[in-house]
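Student: I've just opened this one and I'd like to learn how the labels get attached. Can we go through it together?

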Amino acid sequence: ILALAIASAFAALGQWQLSRSLEGGDPTAGRTEISTPLSRVAEPQQPLRSDAIGQRVTVSGTFVEADYVLLSGRSNHDAFGYWVVGHVVTDDGASLAVALGWAPTEAEAAAALEAVRADPPGPALAGRYLMSESPEQSDFENGERSALAVSELINLWTVEPDGVYAGYLVLDDAPAGLTAIDAPPPITEV
């Protein structure tokens, strides 16, 4: 009788464990969709934490007029074109790369860049915080930049950073002349 009771208890616990393993965990997409101040998910001069990747964030700062770059060969909704990227000095003095928007041609991107220089967005910015890319993706020999690599941008910025964020921000709302960059929430496996 004791053996049957123990076997029944183990069978019930095994059934419970099996049902728990088949259930999905808490959805992570909802967590990344809650807009949070950047200072709560990342710190300048610190590695990017995995829970910060894809997080919607807000930050306040000022664009540096001379530190805009066009990136070629960038995809947006299955079309290739150009990204306009700027350098923001946040209110706490740290530097942050910001992808402002996408344009289908270099001429349109350059025109939008000049308009942004004249009237930059901000000071409050909102968007999705993403991981920096590898500078090796760019074609340096032909003078083309195609990767949003913070490590490369630091060398191009005219204002010396007082701390740099490891990732970059993709703005939710693109300035006039640009299309918002498609930045879906990250897909994480449970």
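Tutor: Sure. Start with one term: a contact means heavy atoms within 4.5 Å. Keep in mind, too, that this is a predicted model.

Student: What share of the contacts in the chain with a separation of 6 or more comes from residues 24 or more positions apart?

Tutor: Such residues account for 64% of those contacts. L169 gives a nice example of two residues far apart in sequence: R56 is 113 residues away along the chain, while the C-alpha to C-alpha distance is 9.0 Å.

Student: What are the pieces of the chain, and in which order do they come?

Tutor: There are 5 helices and 7 strands. Read along the sequence, they give α-α-β-α-β-β-β-β-α-β-α-β.

Student: How do you know how the chain stands against a compact globule of 190 residues?

Tutor: Set the two radii of gyration side by side: the globule would have one near 16 Å, but the chain has 22 Å. The C-alpha atoms fill a box of roughly 85 × 35 × 30 Å along the principal axes.

Student: Why is L169 called buried?

Tutor: The cut-off for buried is under 20% relative accessible area. L169 has 1%, so it counts as buried. Its place is in strand 7, residues 164-171. Leaving aside neighbours within four places in sequence, its contacts include V57, V59, L96, V98, L125 and Y129.

Student: What makes strand 7 largely enclosed by the rest of the structure?

Tutor: Count its residues: 7 of the 8 are buried, so the strand is largely enclosed. For the whole chain, 36% of the 190 residues count as buried.

Student: How do you know which strands pair with strand 7?

Tutor: Pairing needs at least two bridges between the strands. Strand 5, residues 95-103, has 4 bridges to strand 7, and these two run parallel. Strand 6, residues 124-131, has 5 bridges to strand 7, and here the strands run antiparallel. With both counts meeting the cut-off of at least two, strand 7 pairs with strand 5 and with strand 6.

Student: Which residues are bridge partners there?

Tutor: On the strand 5 side, A97 has Y168 as its partner. On the strand 6 side, M131 is matched with G167, and G127 with L171. Strand 6 also has 5 bridges to strand 2, running antiparallel; one of the residues involved is S60, whose partner in strand 6 is A124.

Student: Why is H87 called buried, while A79 is called partly exposed?

Tutor: H87 sits in strand 4, residues 79-90, and A79 lies in that strand as well. At 0% relative accessibility, H87 is under the 20% limit, so it counts as buried. A79 has 28%, which falls between 20% and 50%, so it counts as partly exposed. Not counting residues up to four places away, H87 touches T62, F63, V64, D67, S95, L96, W157 and V159, whereas A79 is in contact with R74 and W102.

Student: What makes the pair of H87 and D67 a polar contact?

Tutor: The distance cut-off for a pair of N or O atoms is 3.5 Å. The side chains of H87 and D67 come to 2.7 Å, and that is within the limit.

Student: What makes a group of residues a nonpolar core?

Tutor: The members must be buried residues of the nonpolar kinds, joined through side-chain atoms within 4.5 Å. The largest such core here has 25 residues, and among those with the most contacts inside it are L38, L96, V98, L125 and L169. Elements giving two or more residues to this core include helix 3 (38-41), strand 2 (56-63), helix 4 (106-118) and strand 7. Apart from it lies another core, of 17 residues, among them V85, L130, W157 and V170.

Student: Why would nonpolar side chains gather like that?

Tutor: In soluble globular proteins, they tend to be buried together. V98 shows who its neighbours are: not counting residues up to four places away, it touches F63, V84, V85, G86, V88, L125, L169 and L171.

Student: And what supplies the area that the chain exposes?

Tutor: About 10800 Å² is exposed, with carbon and sulfur atoms supplying 55% of it.

Definitions and conventions: Residues numbered from 1 in each chain as written. Predicted model: local features only at pLDDT ≥ 70, side-chain atom pairs only at ≥ 80, totals over all residues. Heavy atoms only, no water. Buried < 20%, exposed > 50% of the residue type's maximum accessible area, 1.4 Å probe, protein only. Polar contact = N/O pair within 3.5 Å; in protein donor to acceptor, adjacent residues only side chain to side chain. Rg over C-alpha atoms; globule rule 2.2 N^0.38 Å. Areas by Shrake-Rupley, 256 points an atom, 1.4 Å probe, with all protein chains shown as cover.
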